[in-house]
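Please open the structure in a viewer and keep a residue selection tool at hand. The tour proceeds by selections, each followed by a description of what is found there.

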Amino acid sequence: MSPIRALLATALAAAATLALAGCAPAVALEPAADANNPQCAEVTVRLPDVVAELPERGTDAQATGAWGDPATVLLHCGVAIPGPTTQQCQSVNGVDWIIDDADAPNYRFTTFGRTPAVEIVLDGDAVASSTVLADLAPAVSVLPVTGKCTALGDADLPIPTDG
C-alpha cells in the first residue's frame, strides 16, 4: 500500500472513530416539575461542554444536563424549591447549595435561594463535588436570588419568654 493510501486509510479510520464516539445514546432523564420555566432555558443554554473534565452528553428531557460516559454528573432545573433546612449548605462561586449525602458516595446538591431550583446528582467516587459546582456556577448563577444560606447562629430567632 502506498504511503498516501495508508495515510488516507488512517485518516478515514480516525474520522469513523470520532463519528461513532459522537453517537453515544442520549441519557434518559425525567424532566423536573417546573422544567418548562423560562429561567431553566436560561440555565440550559449556558451549560458547559465539559464539567470536571467530563464531556457533555445529550439528554432526552427538557432542562437537564449530563456529563461523563457513563453519566457521572446529572443536572435538573425546575425541581422543588427547598425551604429552610438543617442540612449542610455551602456557597460555591456565589451559588448556595444544600448538600444531601444520604446516598453517599452519590451526592445530591440543590440550589438554595434560587428560583427555579436546580439539582445536581453526582458520583463522589468519580468526581470532586467542588469542581462540579464551580464548573456549573456560571450557568446556575443567572437564576434570580431569593435567599441565602445562613448558619443557625446567624438566624434571627424569637426568644421564648415566660408569660
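The stops below begin with confidence and then pass through the core, a helix, several loops and individual residues.

**Confidence**

Begin by colouring the chain by pLDDT, since this is a predicted model. The average pLDDT of the protein is 85, and 79% of the residues score at least 70. Next, select residues 1-21, where pLDDT stays under 50. For this stretch the model has one contact beyond four places in sequence.

**The largest nonpolar core**

Select Trp 67, Val 73, Trp 97, Val 118, Ile 120, Val 132 and Leu 136. These residues belong to the largest nonpolar core, which has 28 residues, and they touch the most other members. Now show the elements α2, β4 (73-79), β6, β8 and α3 (129-140); each of them supplies at least two residues of this core. Which element gives the core its largest share? That element is α3, with six residues.

Centre the view on Val 73. Beyond its neighbours within four places in sequence, Val 73 is in contact with Leu 54, Gly 65, Ala 66, Trp 67, Ile 120, Val 121, Leu 122, Val 127, Val 132 and Leu 136. Several of these partners can be displayed together with the core residues already selected, among them Trp 67 and Ile 120.

**Helix α3 and the segment after it**

Within α3, select Val 132, Leu 133, Leu 136, Ala 137, Ala 139 and Val 140, which are buried. Then turn the view to look down the axis of α3: its buried residues fall within an arc of 160°, so they line one face of the helix.

Continue along the chain to Val 142, in the segment after α3. Val 142 counts as partly exposed, because its relative accessibility is 29%. Add Val 43 to the selection: the two residues are 99 places apart along the chain, yet their C-alpha atoms are separated by 6.8 Å. Apart from neighbours within four places in sequence, the contacts of Val 142 are Gln 39, Glu 42, Val 43 and Arg 46.

**Asn 37, ahead of α2**

Move to Asn 37, in the loop between α1 (3-21) and α2 (38-44). Is Asn 37 buried or exposed? Asn 37 counts as buried, because its relative accessibility is 17%. A polar atom of the Asn 37 side chain lies 2.8 Å from the backbone nitrogen of Gln 39.

**Glu 119 in strand β8**

Select Glu 119, placed in strand β8 (residues 117-123). With a relative accessibility of 14%, Glu 119 counts as buried. Which side chain does Glu 119 join through a polar contact? The partner is Arg 108, and the contact is 3.0 Å. Leaving aside neighbours within four places in sequence, Glu 119 is also in contact with Leu 74, Leu 75, His 76, Val 79, Phe 109 and Thr 110.

**The loops on either side of β7**

Select the loop between β6 (95-100) and β7 (106-111), where Asp 103 lies. Asp 103 is exposed, with a relative accessible area of 51%; the cut-off for exposed is over 50%. Asp 123 is 20 residues from Asp 103 in sequence, and their C-alpha atoms are 9.9 Å apart.

Pro 105 is placed in the loop between β6 and β7 as well. The peptide bond joining Ala 104 and Pro 105 is cis, with omega about 15°. Pass next to Pro 116, in the loop between β7 and β8. The bond from Thr 115 to Pro 116 is cis too, and its omega is near -5°.

**Two residues with positive phi**

The last stop concerns backbone geometry. Most residues other than glycine have a negative phi, and most peptide bonds are trans. Select Glu 53, in the loop between β1 (50-51) and β2 (54-57). Glu 53 is not a glycine, but its phi is positive, at about 65°. Glu 53 is exposed, with a relative accessible area of 76%.

Finally, select Ala 63, in the loop between β2 and β3 (64-67). The phi of Ala 63 is also positive, near 60°. Is Ala 63 buried or exposed? Ala 63 is buried, with a relative accessible area of 6%.

Terms used:
Residues are numbered from 1 along each chain as its sequence is written. This is a predicted model: local features need pLDDT of at least 70, side-chain atom pairs count only at pLDDT 80 or more; totals for chains, interfaces and linings use all residues. Side-chain values use heavy atoms; hydrogens and water are left out. Helices (H or I, at least four residues) and strands (E, at least two) are DSSP runs, numbered from the N terminus. Buried means under 20% relative accessible area, exposed over 50%, partly exposed in between (1.4 Å probe, protein chains only). A polar contact is a pair of N or O atoms within 3.5 Å; within protein, one must be able to donate a hydrogen and the other to accept it, and residues adjacent in sequence count only if both atoms are side-chain atoms. Contact means heavy atoms within 4.5 Å. pLDDT is the predictor's confidence in each residue, from 0 to 100. A nonpolar core is a set of buried Ala, Val, Leu, Ile, Met, Phe, Trp, Tyr and Cys residues joined through side-chain atoms within 4.5 Å. The arc is that of the directions from the helix axis to the C-beta atoms.
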